Amino acid sequence: MNFHLVSSSLRWSLVALAGLVLSFSPVYAQYADFSRQVLVSEEGSEPRDEGLAMADARANQGVLTTILWYLPNRVMDLIDIFRLRLKVGPGLGVGFRMTDYAAFYGGSQYAVYLGLPGPRYPEAFRYPVGLEYQRGIVLAGVDASDDLKHPPRYGFSEVDAGLHLFLIGAEAGIDPFEIADFLSGLFLIDLRRDDYPRVPAPPLPETGSVVVNQLIHPEFETDPKPESFVSYAARLDYLERNVPLRLQGGMRYVDQRFAAEGQPLEVQPPMNDLSFGIFIRSIVGGTTEVEFKPDVNLDVALPNLERRVSLFVESSSSDDLPGRDSLEQEDKGVTIGARRKAEDWNISVDAGIRAKWLPELYTRASWKPNWEWDAWQFRFEERAFWESDDGFGNLTSLAVHRWFANDRWLFKENTSGKISESTDGFEWEQSLAVGRVFKLFDENRRANRRSIGSDDAISGYAIKGSIFGEDDAVTQYRILGTYRFALYKDFVVGDFRTGPQWRESEDWEPELRIDLGMSLIF
C-alpha cells in the first residue's frame, strides 16, 4: 500500500503563491527593514518604539557586559530559528505558512505543546511547554480565525507546516530572518534586537488569532476582522470578499510601478480568475495509492505593464497532455510567469519560472486558431516550449466540441501529442466526453457555445473515455465519471470522480479510481 499524504506540489504551490504575495507586499518592506518594531503597551496608548529603546540601552552597556552575554545570546538566537513541537489535545487542523502574508490554515485545536517554541520576539523568553489554541480558516494570509487565548504567535517571516489529527499533532518550521539574526549576531549585530540584557517588552494581548499582520491597500481595503465568527459560513463569506481584494491590492502595488511618469494609472481589473482547490486521488487495485494535491490558479492583468501583459500562477504542468488532469500531470512545481497575447493572430507567449528545489526557467509560445462548421467548433493548438532542465518540446492538439439539446449537453473530443527532449518518445492521447451542464460560473460561455472544462461548471455531470500511449503502443485505458456540485453558494464547489482504468505498468490489472475534491472559486 502506497500513501502520499502531502505531495511536493502542495509544498511548492504554497511556496510559489507565498513568494508572489510577499513580493507584492509593501508592508513587507516595512518589516524587511527591521530597524523598527513598534509595540503597543496597552489598548489606547501611544505606540512605543522598543527597538530605539533597546538601541539606547545597548549604547550604554559596557564591553564586559557584551562579552558575558555573547555566548548566551548566540545560543538563544540559534534556538529562535526553529519551531519543532509535538502537541497533545483535541483538534483537527492543517497549516502551512510562508510569512504572515502567505499563511494557510484550517481547523480547530486546543493543545499542550512540547518542544522548540519558535521565535521568542517580542517576548524575552518562550517556554518549551505551553498551551496553544487556534480555530478558523486562513487563506493567502487573510485571517478568518477567532481571537483566542494562547495563540500560536508566529514570527512574521516564519516558514512553517503543521498537522493535528484528533489527539496528536506535530509542527515544524524555521524563520529565515532569525537565521540572519543569528549570523549577524556572531559579529555583534543584533538585527532582531532581542539580545540580553534588553528592555522589558510591553505585555502581549491576552488573546490573538493565527495571523498578526495583514496587508491593506488604500484602494482595496479589506473588512476588519471580527474577534470571533458566528459560523463557518461567516468565515467563508469573509474570505470570499477579502481574499480577492488583498491580492488585487498586491497586484496594484506591482503594476503601478510600471506606469510611465506623468501618465495616469490604468484601472486594476478585478480578480476573476482565482481559485484554490484540494484534491485526493485513490486508486484501488493490485496496489493502493492515495495522493493529496492542491490546485492553485491565478491569472490577472497588469494594465500598466505595457497594457498587454497578464500575470499567472499555475500549480500543475500545463505543458502536459490536455487529457491528464492535475492529479496525473507531472509534478514540476508551481509555474509563475507573465503572458502576452496577440489576439489578432491567436498567439500567446509566456515566460517565467517554475518553483522547485532548484528553480527552472521556462518559456513557451502557442498558436491557437479556431474554426466553426455549422454547430461544430474546432480549436487547434501548436505549442513550442523550452525548460532549462528538460530542454525543448512541442505539443500539438485538436479539440472539437458541440453543444446540443438546447445547449444543456456538451460533446467534446480531443486528440493530442507531445514530444520533448526529456521524454523517451512520442506521447499521445485520444479522449471523448459527453456531459450535462446545469450551471456555469460564466453563462456567457454557454450562450456563445464556447468549449468548457469541468472547472468551468458549478454543477453538472459527465462521462469521459481516454486512451493514452507512447509511440505505437497503448499504455492506459480509462473511463471516468464526474459529478460537480455546489457546497456553499457558488463559492465552494465539490468534485467527485470515479471509474475503472487499466495500465500497462500494472500488467493491465483492473483498477478503480476515486477522486474527491473541493475548490474555492473567487
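## Exercises on a predicted model

D407 sits in the loop between β19 (391-404) and β20 (409-420). The model is predicted. The exercises start at this residue and then move through other loops, two helices and a sheet.

### Exercise 1: a loop residue

Task: Decide whether D407 is buried or exposed, state what is notable about its phi, and list which residues it touches.

Solution:
- Step 1. Take the relative accessibility of D407, which is 17%. Buried means under 20%. D407 therefore counts as buried.
- Step 2. Check the backbone. Phi of D407 is positive, about 60°, although the residue is not a glycine.
- Step 3. Look for partners beyond four places in sequence. D407 touches R446 and R449.

### Exercise 2: another positive phi

Task: Locate K489, give its phi, and classify its exposure.

Solution:
- Step 1. K489 is in the loop that runs between β23 (473-488) and β24 (492-503).
- Step 2. Its phi is positive at about 50°, and K489 is not a glycine.
- Step 3. The relative accessible area of K489 is 45%. Partly exposed covers the range between 20% and 50%. K489 is therefore partly exposed.

### Exercise 3: cis peptide bonds

Task: For the bonds from Y121 to P122 and from Y196 to P197, give omega and place each proline.

Solution:
- Step 1. From Y121 to P122 the peptide bond is cis; omega is near 5°.
- Step 2. P122 belongs to the loop between β5 and β6.
- Step 3. From Y196 to P197 the peptide bond is also cis. Here omega is near -10°.
- Step 4. P197 is located in the loop between α5 (176-185) and β10 (207-208).

### Exercise 4: the span of α6

Task: Test the length of helix α6 (residues 232-255) against its expected span, then look for a kink and count its buried residues.

Solution:
- Step 1. α6 has 24 residues. The expected span is 1.5 Å times one less than the number of residues. For α6 that gives 34 Å.
- Step 2. The end C-alpha atoms are 34 Å apart, so the two values agree.
- Step 3. Scan for a kink. One of about 30° lies at N242, shortly before the proline P244.
- Step 4. Check the cover. Of the 24 residues of α6, 17 are buried, so the helix is mostly covered.

### Exercise 5: a loop residue facing α6

Task: Place D223, classify its exposure, and find its contacts.

Solution:
- Step 1. D223 is part of the loop between β10 and α6.
- Step 2. Its relative accessibility is 29%, so D223 counts as partly exposed.
- Step 3. Leave aside neighbours within four places in sequence. D223 then contacts Y238, R241 and N242. N242 is also where the kink in α6 lies.
- Step 4. Take R241 as a check. D223 and R241 are 18 residues apart in sequence, yet their C-alpha atoms are 8.2 Å apart.

### Exercise 6: the sheet under α6

Task: Write down the strand order of the 5-stranded sheet, name its edges, and describe how α6 packs on it.

Solution:
- Step 1. The order is β7-β6-β5-β4-β9. The sheet is open and the pairing is antiparallel.
- Step 2. β7 (142-145) and β9 (159-174) are the edge strands, each pairing on one side only.
- Step 3. From one strand to the next, the twist averages 45°.
- Step 4. Zoom in on one pair. β6 (residues 129-139) and β7 are antiparallel and joined by 4 bridges. In this pair, V138 stands opposite D143 in β7.
- Step 5. Add the helix. α6 packs on the sheet and touches β5 (103-117), β6 and β7. The directions of α6 and β7 make about 175°.

### Exercise 7: a bent helix

Task: Compare the span of helix α4 (residues 63-80) with expectation, find its bend, and identify what covers its buried residues.

Solution:
- Step 1. α4 has 18 residues, and 26 Å is expected at 1.5 Å a residue. From first to last C-alpha it reaches 25 Å, which is close.
- Step 2. The helix bends by about 45° at Y70. A proline, P72, follows within four residues.
- Step 3. Its buried residues are N73, R74, M76, D77 and D80.
- Step 4. Their cover includes β4 (82-98) and α5.

### Exercise 8: the whole chain

Task: Collect the totals for the chain: helices and strands, buried share, contacts and surface.

Solution:
- Step 1. The chain holds 7 helices and 25 strands.
- Step 2. Of its 522 residues, 49% are buried.
- Step 3. Take the contacts with a separation of 6 or more. Residues 24 or more positions apart account for 60% of them.
- Step 4. The accessible surface is about 25500 Å². Carbon and sulfur atoms contribute 62% of that surface.

Methods:
Residues are numbered from 1 along each chain as its sequence is written. This is a predicted model: local features need pLDDT of at least 70, side-chain atom pairs count only at pLDDT 80 or more; totals for chains, interfaces and linings use all residues. Side-chain values use heavy atoms; hydrogens and water are left out. The bend at a residue is the angle between axes fitted to the seven residues ending there and the seven starting there. Buried means under 20% relative accessible area, exposed over 50%, partly exposed in between (1.4 Å probe, protein chains only). Two strands pair if DSSP finds at least two bridges between them. Axes are lines fitted to C-alpha atoms, for helices over the stretch in contact, and angles run from 0 to 180 degrees between N-to-C directions. Contact means heavy atoms within 4.5 Å. Accessible areas come from the Shrake-Rupley method with a 1.4 Å probe; for residues, only the protein chains shown count as cover.
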